[in-house]
Amino acid sequence: MDGTLWDNVDTYAISWTRGLEKLGYSNKISRDDILGLMGKEARLMLNTLVPGWTAADQARLFEAVIESYQEMLPVMKPIIYDGVLEGLERLSRRYPLFLLSNCEKGGLVNFMNHTKTRHLFMDYMEHGMNLQPKHHNLKLLIEKNKLKAPVYVGDTDSDSNQSAMANVPFVFVTYGFGTTKNYTKQFDSFTQLVNYYLNN
């Protein structure tokens, strides 16, 4: 989702800042603070942004961050990457599509609701649903839906590593938040990816 289908980092940064404010802190979380953590599990983000906090305090903060994000849903303005909405429609006519993310529970539903794309996806898995790593949830999606030749599309080296751990070919999109040298295929735009898979 993040870095592959849209860029909602500005909303996340505000949500983290407001979450801290709810707990009485004046720390400002910037886009740059969040950018390098995109795609990471919540615990790693918390350990980076508020190092030294107890697990209980981190849990309270994360609840406040999620609450703040939910409050922003009606007014947030994420950048949906060029070609994504049309491309998903086109791909869905030929391939079953699935979403996988390290986001909180409900994050992917928020994405689908905001972009009005729920009907295009067969299933999804979020870290917040079971607190398991991405490679584990990727395998769950494959097993549950009996997928024969899946690929995982992502934008970071972490995505590449998780895909490898699940023994799934990794498709790298260069316009996202990260870099990697380990991929099966690489595309510089979502439209380029769509055209490749519809013409091969």
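Which residue in S7 is the bridge partner of Val171? It's Lys185, and that pairing is a good way into this predicted model. Overall, we're looking at a protein with ten helices and seven strands. Its radius of gyration is 17 Å, close to the 16 Å that the globule rule gives for 200 residues, so the protein is as compact as a globular protein of that length.

**The whole protein**

- Taken along the principal axes, the box filled by the C-alpha atoms is roughly 55 × 35 × 30 Å.
- Out of 200 residues, 46% count as buried.
- Looking at contacts with a separation of 6 or more, 56% come from residues 24 or more positions apart.
- The accessible surface comes to about 10300 Å², and carbon and sulfur atoms own 51% of that.

**Strand S6 and its partners**

- S6 covers residues 170-173, and both of its faces are covered.
- On one side of S6 sit Phe170 and Phe172, on the other Val171 and Val173, and all of them are buried.
- S5 (residues 152-154) runs parallel to S6, with three bridges joining the two.
- Within that pairing, Tyr152 has Phe170 as its bridge partner in S6.
- To get from S5 to S6, the chain goes through helix H9 (residues 157-165), making a right-handed β-α-β crossover.
- S7 (residues 185-187) is also joined to S6 by three bridges, and these two strands run parallel.
- So much for the neighbours of S6; back to the opening pair, Val171 is one of the buried residues of S6, and its bridge partner in S7 is Lys185.

**Helix H6 and what packs over it**

- H6 spans residues 107-115, and its buried residues are Gly107, Leu108, Asn110, Phe111, Met112 and Thr115.
- Strands are among the elements covering those buried residues, including S1 (6-7), S2 (79-80), S3 (97-101) and S4 (121-126).
- Helices pitch in too, including H4 (55-72) and H5 (84-92).
- Just after H6 comes Lys116, with a positive phi of about 55 degrees.

**Thr17 in helix H1**

- Thr17 is found in H1, the helix that takes in residues 9-22.
- Is Thr17 buried or exposed? It counts as buried, because its relative accessibility is 9% and the cut-off for buried is under 20%.
- Setting aside neighbours within four places in sequence, Thr17 is in contact with Asn27, Lys28 and Ile29.

Terms used:
Residues are numbered from 1 along each chain as its sequence is written. This is a predicted model: local features need pLDDT of at least 70, side-chain atom pairs count only at pLDDT 80 or more; totals for chains, interfaces and linings use all residues. Side-chain values use heavy atoms; hydrogens and water are left out. Buried means under 20% relative accessible area, exposed over 50%, partly exposed in between (1.4 Å probe, protein chains only). Helices (H or I, at least four residues) and strands (E, at least two) are DSSP runs, numbered from the N terminus. Two strands pair if DSSP finds at least two bridges between them. A crossover is right-handed if, with the strands pointing away from the viewer, the path from the first strand over the helix to the second runs clockwise. Contact means heavy atoms within 4.5 Å. The radius of gyration is taken over C-alpha atoms; the globule rule is 2.2 Å times the number of residues to the power 0.38. Accessible areas come from the Shrake-Rupley method with a 1.4 Å probe; for residues, only the protein chains shown count as cover.
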